[in-house]
Amino acid sequence: VSYNNKVATFDPANDLNYSTTYTVTVGTGVRDTASNNLSAISSWSFTTTSAPDTTPPTIASTSPSGSSNNILISSDITITFSEAMDPSTIDTTNVTLQDSNGKSVGEVVSFNNRVATFDTANDLNYSTTYTVTVGTGFRDTASNTLSAISSWSFTTTSALDTTPHTIPSP
């Protein structure tokens with residue numbers, strides 16, 4: 001305990017525990033400079049903060065999922081995270097979508113709750129394998145980043161058969 005200008009400071013030898021309620025009691029043995037004791041015991045309680053979040057977020061699910069086939073060419077790509085994310089990190093600098101030739105496909109990103117949605121400006125191509133790669137730049141609200149790069153692929157559906165049907169002559 002230290003004292004300076006009417007302020008007594010208690011500095012415990014060890015850090016206090018997280019999420020713990022402590023009670024401070026000042027007894028009547030405390031005296032002023034004229035040797036007058038505190039007239040009554042005084043006490044109060046406080047609770048320490050919870051432990052900081054140091055758990056990195058993960059990708060809880062994706063749509064389309066990895067190795068999916070026959071995905072509609074108009075499909076959006078969604079990534080659902082395991083926890084609340086920092087919306088300022090949900091952008092196209094942290095994710096890529098490439099076709100089977102390695103060509104990047106531009107996309108529009110939106111974010112709602114824990115779900116990032118990548119809506120390509122144009123429909124995807126038919127019968128094409130696409131690879132989504134998510135970098136470690138995404139951060140949760142406690143500034144923890146994804147711990148590893150993640151990628152998965154999916155294949156779009158075949159083109160619709162638009163050949164006119166003919167009826168054979170009898």
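1. Is Asn5 buried or exposed? Asn5 is exposed, with a relative accessible area of 64%. Keep in mind that this is a predicted model. Asn5 is found in the loop between strand 1 (2–4) and strand 2 (7–9), and its phi is positive, about 50°, although the residue is not a glycine.

2. Lys6 belongs in the next look at that loop. Its place is also between strand 1 and strand 2, and its phi is near 70°, again a positive value in a residue other than glycine. At 75% relative accessibility, Lys6 counts as exposed. For background, most residues other than glycine have a negative phi, and most peptide bonds are trans.

3. While you have the backbone up, check the peptide bond between Ser63 and Pro64. That bond is cis, with omega about -5°. Pro64 sits in the loop between strand 5 (59–63) and strand 6 (68–71).

4. On to the salt bridges: a search of the whole structure turns up just 1. The partners are Arg139 and Asp86, whose side chains meet at 3.0 Å, N to O. Arg139 lies in the loop between strand 11 and strand 12, and Asp86 in the loop between strand 7 and strand 8, so this pair ties together parts that are 53 residues apart in sequence.

5. How do the two partners sit with respect to the surface? Arg139 counts as partly exposed, since its relative accessibility is 28%. Asp86 comes out at 19%, which counts as buried; with the cut-off for buried at under 20%, you may want to view that label with the number beside it.

6. Asp140 deserves its own point. This residue lies in the loop between strand 11 and strand 12, and it is buried yet has no salt bridge. The nearest side chain of opposite charge is Arg139, 7.0 Å away. What does the Asp140 side chain have around it instead? A polar atom of that side chain lies 2.9 Å from the backbone nitrogen of Ala142, and the backbone nitrogen of Asn144 lies 2.8 Å from a polar atom of the Asp140 side chain.

7. The wider surroundings of Asp140 are worth displaying too. Leaving aside residues up to four places away in sequence, Asp140 touches Asp53, Thr55, Pro57, Glu83, Ala84, Met85 and Asp86. Asp86 in that list is the salt-bridge partner of Arg139.

8. For the hydrophobic side of things, go to the largest nonpolar core, which has 19 residues. Phe81, Val132, Val134, Phe138 and Phe154 touch the most other members. The elements giving two or more residues to this core are strand 7 (77–81), strand 8 (95–98), strand 10 (115–120), strand 11 (129–134) and strand 12 (150–156).

9. Val132 is a handy residue to centre the view on. Not counting residues up to four places away in sequence, Val132 touches Ile77, Val95, Thr96, Leu97, Ser150, Ser151, Trp152 and Phe154. Phe154 is also among the core residues that touch the most other members.

10. Finally, what about strand 3? This strand, residues 21–26, is hardly covered: the count of buried residues among its 6 residues is 0. Strand 3 runs antiparallel to strand 4 (residues 42–47), and 6 bridges join the two. To find the register on screen, start from Val26, which stands opposite Ser42 in strand 4.

Notes
Residues are numbered from 1 along each chain as its sequence is written. This is a predicted model: local features need pLDDT of at least 70, side-chain atom pairs count only at pLDDT 80 or more; totals for chains, interfaces and linings use all residues. Side-chain values use heavy atoms; hydrogens and water are left out. A nonpolar core is a set of buried Ala, Val, Leu, Ile, Met, Phe, Trp, Tyr and Cys residues joined through side-chain atoms within 4.5 Å. Buried means under 20% relative accessible area, exposed over 50%, partly exposed in between (1.4 Å probe, protein chains only). Helices (H or I, at least four residues) and strands (E, at least two) are DSSP runs, numbered from the N terminus. Contact means heavy atoms within 4.5 Å. Two strands pair if DSSP finds at least two bridges between them. A salt bridge is a side-chain nitrogen of Lys or Arg within 4 Å of a carboxyl oxygen of Asp or Glu. Lys and Arg count as positive and Asp and Glu as negative; His and the chain ends are not counted. A polar contact is a pair of N or O atoms within 3.5 Å; within protein, one must be able to donate a hydrogen and the other to accept it, and residues adjacent in sequence count only if both atoms are side-chain atoms.
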